[in-house]
Amino acid sequence: MHQKDPEPSQAAGVSGPQKGNRLARKFAEKTGHLPSNTVGAIWILLAAFLFSIMVTLIKFVGQDLSVFQILLVRQAIMLVIVAPQILSGLPTSLATQRPGLQITRIVFATAAMLFGFTAIIELPLADATAISFSKTFFLTIFAIWLLGEKVGVHRWGATIVGFLGVVLMLRPDGEGLIDPFALLAIAGAACAGMVMIVVRILTRTDAPVTILTYQAFGVGLIMLVPAALTWQMPTLVEWGLLLLIGIVSWAAQMANIQAFKAGEATAIASLDYTRLLYATIFGALVFSQWPRLETLIGAAVIIAASIYTVRREAKRGRELARAADGRGYNN
């Protein structure tokens, strides 16, 4: 029997503390007269903007601090924010039926963030953001391999077209070489796709707070040693920016979850690609970096193929594994 996929809010494995819930309720009161998809669209546009702010801050701070240090402090701040929910759920928060999958999720989430954050720091923001969209196509491959999903010619065609868009963005230079950080961005997207699949499986047996607890502690523990080895005492300004990264990361995650609770994925998912517009603007204003023409064309191909995939699956009555924490690098 086919098991219904979890709702996006469940698949995310996260939920904000009571303050975040109160803000969401207030927003719901203000927008109660609007159609649900309009509300979802507002939330996802906010999430896309916040994610773009997050990666801009990471790129800025990453000029002087190691990615390990950034990730450790970010996780610690987010952990503090959600600590009340984790503590209130003890000992249930630690009760898992799939410890092996929990570890797998932690490993791939860590890799996705390390690879993705490094690419963000080293590549133009628009390039790193555009390449990250390829996780939709890795999701297709992993769904076939791990979930036994049957994929028709249309979805395979969209996947192939999407990867052609990625290849276009990875156009080798005159010596036939590809930027290694672009390849790292691809690896990060692949790991993000795997995280979405693992979370989809985990939500069948484990509570969302359990998934959150293991991920929060696990990624932080993995980062302790490399962060200690590369530690450089942040300045007062850098501490402020690191704090802001953690807060904005949590807020973006919450907005993303609220978006898919309010609206239909097929109606609002395409708005997530406004992150490319934000990334282009922030990259130009903050870092004086403009995307190459190949990046913009490749991104257009990827976005078109992704939207086609989502709408095609909706017509077939199926839901893609769209975990909120698998989008961007907000794991």
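**Helical architecture and side-chain contacts of the predicted model**

The accessible surface of the protein comes to about 14600 Å², and 69% of this area belongs to carbon and sulfur atoms. The model described here is a predicted one, and the values that follow were computed from its atoms. Of the 331 residues in the protein, 54% are buried. The secondary structure consists of 14 helices and zero strands, so that the order of elements from the N terminus on is α-α-α-α-α-α-α-α-α-α-α-α-α-α. Among the contacts with a separation of 6 or more, 89% are accounted for by residues that lie 24 or more positions apart.

On the surface, a nonpolar patch of about 490 Å² is made by Phe 60, Leu 277, Ile 281, Leu 285 and Val 286. Helix H13, which spans residues 274-287, gives the most to this patch, contributing four residues. One of the patch residues, Ile 281, has its place in helix H13, and Ile 281 counts as partly exposed because its relative accessibility is 38%, a value that falls between the limits of 20% for buried and 50% for exposed residues.

The structure holds eight aromatic pairs. One of them is formed by Phe 49 and Tyr 278 in an edge-to-face arrangement, with 5.4 Å from centre to centre and 80 degrees between the planes. Because Phe 49 lies in helix H3 (residues 36-61) and Tyr 278 lies in helix H13, this pair ties together parts of the protein that are 229 residues apart in sequence. Phe 49 has a relative accessibility of 33% and therefore counts as partly exposed.

A further aromatic pair, that of Phe 138 and Phe 142, is stacked, with a centre-to-centre distance of 6.4 Å and an angle of 25 degrees between the planes. Both residues lie in helix H7 (residues 135-147), where they are four residues apart, or about one turn of the helix. Phe 138 and Phe 142 are both buried. The two residues also belong to a cluster in which ring pairs link Phe 137, Phe 138, Phe 142, Trp 145 and Phe 163.

Charged side chains were examined next. The structure holds one salt bridge, in which the side chains of Asp 272 and Arg 275 meet at 3.3 Å, taken from N to O. Asp 272 and Arg 275 are both buried, each having under 20% relative accessible area. A contact of another kind involves Lys 59, whose charged end sits over the ring of Phe 287 at 5.3 Å from the ring centre. Phe 287 is the residue at which helix H13 ends, since this helix covers residues 274-287.

The backbone at Ser 288 was also considered. Most residues other than glycine have a negative phi. At Ser 288, by contrast, phi is near 55 degrees, which is a positive value in a residue other than glycine. Ser 288 has its place in the loop between H13 and helix H14 (293-315), and it counts as exposed because its relative accessibility is 62%.

Taken together, several of these features involve helix H13, which gives the most to the nonpolar patch and also holds Tyr 278, the partner of Phe 49 from helix H3 in the edge-to-face pair.

Note on methods
Residues numbered from 1 in each chain as written. Predicted model: local features only at pLDDT ≥ 70, side-chain atom pairs only at ≥ 80, totals over all residues. Heavy atoms only, no water. Patch = residues over 30% accessible without salt bridge, like charges linked within 9 Å, V, L, I, M, F, W, Y side chains within 5 Å. Areas by Shrake-Rupley, 256 points an atom, 1.4 Å probe, with all protein chains shown as cover. Salt bridge = Lys/Arg side-chain N within 4 Å of Asp/Glu carboxyl O. Helix = DSSP H or I, 4+ residues; strand = E, 2+ residues; numbered from the N terminus. Buried < 20%, exposed > 50% of the residue type's maximum accessible area, 1.4 Å probe, protein only. Phe/Tyr/Trp six-rings, centres within 6.5 Å; stacked < 30°, edge-to-face > 60°. Lys NZ or Arg CZ within 6 Å of the ring centre and 35° of its normal. Contact = heavy atoms within 4.5 Å.
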